[in-house]
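Open the model in your viewer and keep the selection panel at hand. The tour makes two stops.

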Amino acid sequence: MALLRVLKKGAAAAALSYKQLLVIWVVSLIMILFVSFPLRVMLNAVFGNSMAVMRLTDGFDAGLLGDVGKPFLYLISAASTGGLLLLLAGFLLYTFFAGGLFASYTTAWGGLKMTAFIRESARNFLPFLKVNLLILLIIAGYTLIVLGIPVAARMALAKGSMPEGGSMILFYSIWLLGLPLWLFVADASRRWIAATGSDKAFRAMGAGFRALKERFWVSYGTVLLILIINALFIFISFWYLACSIPEKGGLIFLFLIVTQIMFFIRLFMKAWRYASVCEAVR
Amino acid sequence: MKRFVIAVCLSLPLALAGQVIVDTPLSARLTGYDIDAILEPDSHVVSGDMRAWWVNNSAQPVRDVMMHMYLNAFSSNKSTFARGGRWSPAGDDGWGWVRIESMVDAKGQDLTDSMRYVSPDDGNEYDRTVLQVVLPEPVQPGDTLVLKISFESKLPSPIVRTGYADDFHFVAQWFPKFGVYETAGTRDRESDGWNCHQFHPSSEFYSNHSVYNVTVKLPEEYVVGSGGMFMEELALGEGMKKVVWRAEDIVDFAWTAWPGYQVMTRNWRDVDITFLASEKGIRKADQQFEAVIYALEYLDDRVGPYPWPHLTFVDPPMSGQGAGGMEYTTLFTTSGGGLFPSFIRMPEMVTIHEFGHAYFMGILASNEFEEPWIDEGINSYWEQRIVDDSYGDGYGLLRLPFIKLSDADQGRMVYVSSRSQTISTNDLPSWMYPHGTYSMMSYNKAATWLHTLEGIITTETMDNVFREYYRRWAFRHPSGRDFIAVVNDVVRSEHGNRFGEDMNWFFDQVLYGHEVCDYMVSGITSNKIRSYSGVIDGDSVTYVKSDRKSDTLYLSRVSLERPGGLILPVEVLIGFDDGSEIIETWDGKAAWKDFEYTGTSKAVWVKVDPDDKIDLDVNRVNNSWSSDQEFPAARRMAKKFIFLMQIMISLITV
Ligand SMILES: [Zn+2]
């Protein structure tokens with residue numbers, strides 16, 4: 001089975017690049033700490049020595065809002081602004097490191113030296129950024145067509161009320177089944193840039209679409225499978241994030257360790273997709 | 001009491017003419033209405049022929065009657081309602097009004113020339129919501145005045161409580177309706193007279209318990225519901241039908257007609273419950289019935305029986321949500337249109353609230369205009385208890401894995417986060433609350449201090465207060481003072497002088513005063529002291545060695561302050577580093593208080609009002625203090641934030 005071979009080889013390549021993944025993990029963690037630490041200090045300033053924080057023990061008790069008043073709103077706005085900035089910075093950071101990862105999976109088969117990894121990341125940054133933005137635009141347009149139009153049409157028919165969940169499942173499924181196509185094109189385009197050293201984003205996209213046409217079922221199947229596994233994993237991550245309520249110092253530390261391992265696995269699975277696509281196109 | 005008996009006897013022939021719903025009259029039945037109406041759905045006009053009667057239960061002849069003409073609130077944008085609520089019509093067809101085409105008394109004397117509009121509340125000459133009719137001859141004590149009135153009611157749009165949206169009609173406040181003739185002594189009144197207020201944006205209810213016989217003719221495709229008991233439906237031919245209802249001992253009669261209604265029924269004990277909703281709304285029928293049955297059981301158990309065998313409630317369609325969240329005793333409207341996800345219990349909360357009004361204002365017919373707190377405040381208090389008890393304390397309104405909100409906290413939050421907490425006392429008439437504080441004061445502040453009262457006198461006593469309130473005042477007109485008298489009597493009989501002579505000190509502050517309640521911990525200090533006790537003996541000082549083994553003693557001082565002007569007794573729980581705890585009480589009278597402890601352990605934390613009994617405290621964050629600032633919740637939130645951001649970043653990058 002070509003598909004399984006691609007997935008296996010991709011996983012092996014991703015595993016070989018564990019050092020690079022560790023670098024990505026550390027850098028992104030430090031970046032987030034830059035925001036979360038001041039938030040922590042603000043939280044302490046809002047509550048001072050008050051034991052009211054304990055009302056946050058089993059989830060966020062919105063009843064606290066009235067008591068804390070304005071400072072709480074500042075805290076929430078700081079957290080959301082900080083979060084948005086982090087998303088932007090994170091987007092750029094990941095785009096940057098994707099350059100090094102794709103270089104690893106195309107040229108040296110997983111074994112790039114760290115300096116080469118950083119150099120390749122820097123070299124590929126701009127064309128990767130263009131490809132990423134283009135693909136995001138395509139996905140946005142695709143979402144609008146597949147999900148937006150049916151919703152709008154049905155809302156118009158049903159006089160402003162939202163269509164019900166049941167019939168929307170069909171459209172969600174269509175949307176999900178189409179998503180691997182765009183992700184494959186994004187990956188294959190970036191592989192092309194990494195492999196040829198070109199910085200032409202549109203030509204890269206062209207190469208990406210061509211690659212999709214050439215080995216359609218293997219390409220599509222690879223990304224679809226990895227996407228499903230990723231989606232399940234992200235679902236589990238969110239579930240754990242929401243439902244795990246460690247009470248004591250040690251357990252909270254354990255929570256940190258578990259979530260960081262989960263995040264590393266998530267990084268690995270992304271790298272797995274990159275490497276598998278490189279393998280499929282090779 | 002005597003007067004009551006006379007009145008009942010005199011009205012017997014009328015009231016008992018068709019005694020069908022309750023075995024014996026529940027109220028004095030001083031007023032009644034027989035209405036024959038036709039709905040013309042295209043013009044949104046209801047024309048009616050009405051026979052209305054009123055019994056003079058006073059000892060004096062009465063020379064005039066006052067009637068509510070509620071729908072005229074929508075006849076001009078200068079009406080008190082339109083100005084206060086910023087209502088304006090949706091196009092030329094949006095105006096609403098009620099016109100009296102003829103009015104004659106029992107002798108056939110035409111009274112139309114002796115009608116005039118008055119504005120007792122604000123003197124607004126453009127307001128036509130109160131009609132005064134001077135009678136050709138006075139109504140003698142014990143006599144019954146019968147008026148035959150032909151009227152035309154045009155429903156307004158957009159709907160504010162009453163009105164139409166396309167073919168949806170909610171017909172409330174729709175007929176000329178008597179005010180309440182109060183005798184001296186009723187609700188602290190000094191002399192007899194009519195109590196009939198204009199239609200205000202924030203209040204509309206004060207009525208006698210009445211008997212209604214209502215017949216409505218309308219196109220047969222319309223599905224109908226009302227506050228009356230369904231008697232019969234007849235096909236009239238030519239696509240028309242006639243529906244007959246009867247209601248006994250309720251304070252208002254409203255009905256609704258819409259071809260799109262879906263209908264479901266359930267039973268609770270002997271009560272037939274009918275639910276009308278849109279196709280979407282009816283899908284929430286299970287949750288809605290569950291909510292209304294929670295409320296029925298809760299209030300039946302803790303306040304008094306629900307005496308009618310019928311109850312109808314409506315979730316209006318989206319276009320008619322302006323009619324949602326209203327109360328007509330045996331008919332009420334909820335809201336939500338079936339659109340809320342199940343973890344937000346907003347529609348259930350509205351259902352429980354509006355049903356609660358069957359008690360607070362329906363059975364215990366207080367004056368919402370003059371004392372909105374005793375209507376909306378008490379009802380919100382019960383709504384919050386029912387919602388939080390039925391759906392889980394702390395989770396009543398919102399239940400998600402990571403965020404929760406109780407209904408009581410939601411109400412309290414509106415009060416404690418308002419910047420106008422001290423703007424007025426809590427006993428103002430509805431239209432007198434300044435700066436839009438009516439609902440914050442009447443619903444939220446009042447419910448918050450009722451929870452506080454419960455915290456002080458215990459839940460059990462609070463329930464007994466309401467049982468006694470029901471026993472004394474059901475189907476009568478209690479005032480705030482009457483309620484306080486019940487509180488005083490019940491608290492005295494259950495707790496003696498534990499809280500003082502009476503509870504007036506409480507109501508003087510929370511209801512008739514405007515101070516806020518705030519207790520705060522300013523800190524804890526612990527100093528080592530020498531383990532030798534000094535003894536001063538004349539001029540010489542000798543030291544006596546302590547016989548304890550450890551030589552370290554601590555003097556801990558717990559410092560409390562009362563920044564708020566409101567004074568309530570409060571409990572204080574102090575924790576020591578050896579795990580022991582001490583509970584203290586502070587009468588709160590001084591502006592500050594220190595508790596001092598000497599011992600081998602240090603005081604390390606303190607909580608004022610540890611059981612959160614004093615809901616009125618506007619800032620609970622400063623109620624506690626701990627020397628250990630490392631709270632697990634804060635640490636956990638930081639870790640969760642990190643993971644959330646990591647996952648989100650990985651999601652938005654391809
Ligand atoms: Zn209410």
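What volume does the largest pocket have? In this predicted model, the volume of the largest pocket is about 1,100 Å³.

**Stop one: the pocket**

Start at the centre. Select F60(A), M637(B), K640(B), F641(B) and L644(B). Of the 32 residues lining the largest pocket, these are the closest to its centre.

Now bring in the helices. In chain A, select α2 (18–47), α4 (70–106) and α8 (216–243). In chain B, add α11 (632–652). Each of these four supplies at least two residues of the pocket lining.

Which element gives the largest share of that lining? Highlight α11(B): nine lining residues come from this helix.

Next, colour the lining by class. You should find 24 nonpolar residues, five polar ones and three charged ones.

**Stop two: a sheet in chain B**

Move to chain B and select the strands β25, β28 and β31. They form an open sheet in that order, with antiparallel pairing. Strands of a sheet pair through backbone hydrogen bonds.

Which strands sit at the edges? Pick β25 (520–529) and β31 (592–599) of chain B; each pairs on one side only. On average, neighbouring strands in this sheet are turned by 15 degrees against each other, direction ignored.

Zoom in on β28 of chain B, residues 553–561. Eight bridges join this strand to β31(B), and the two run antiparallel.

Finish on a single pair. Select Y554(B), then look across to β31(B): the bridge partner there is G599(B).

Definitions and conventions: Residues numbered from 1 in each chain as written. Chains lettered and ligands numbered in written order. Predicted model: local features only at pLDDT ≥ 70, side-chain atom pairs only at ≥ 80, totals over all residues. Heavy atoms only, no water. 1 Å grid on protein atoms, 1.4 Å probe; cavity = no way out; pocket = protein on both sides within 12 Å on 5 of 7 lines; lining within 4 Å. Points joined across faces, edges and corners; volume = space filled by probe spheres on them. Nonpolar A, V, L, I, M, F, W, Y, C, P; charged D, E, K, R; others polar. Pairing = 2+ DSSP bridges. Axes fitted to C-alpha atoms, helices over the stretch in contact; angles between N-to-C directions.
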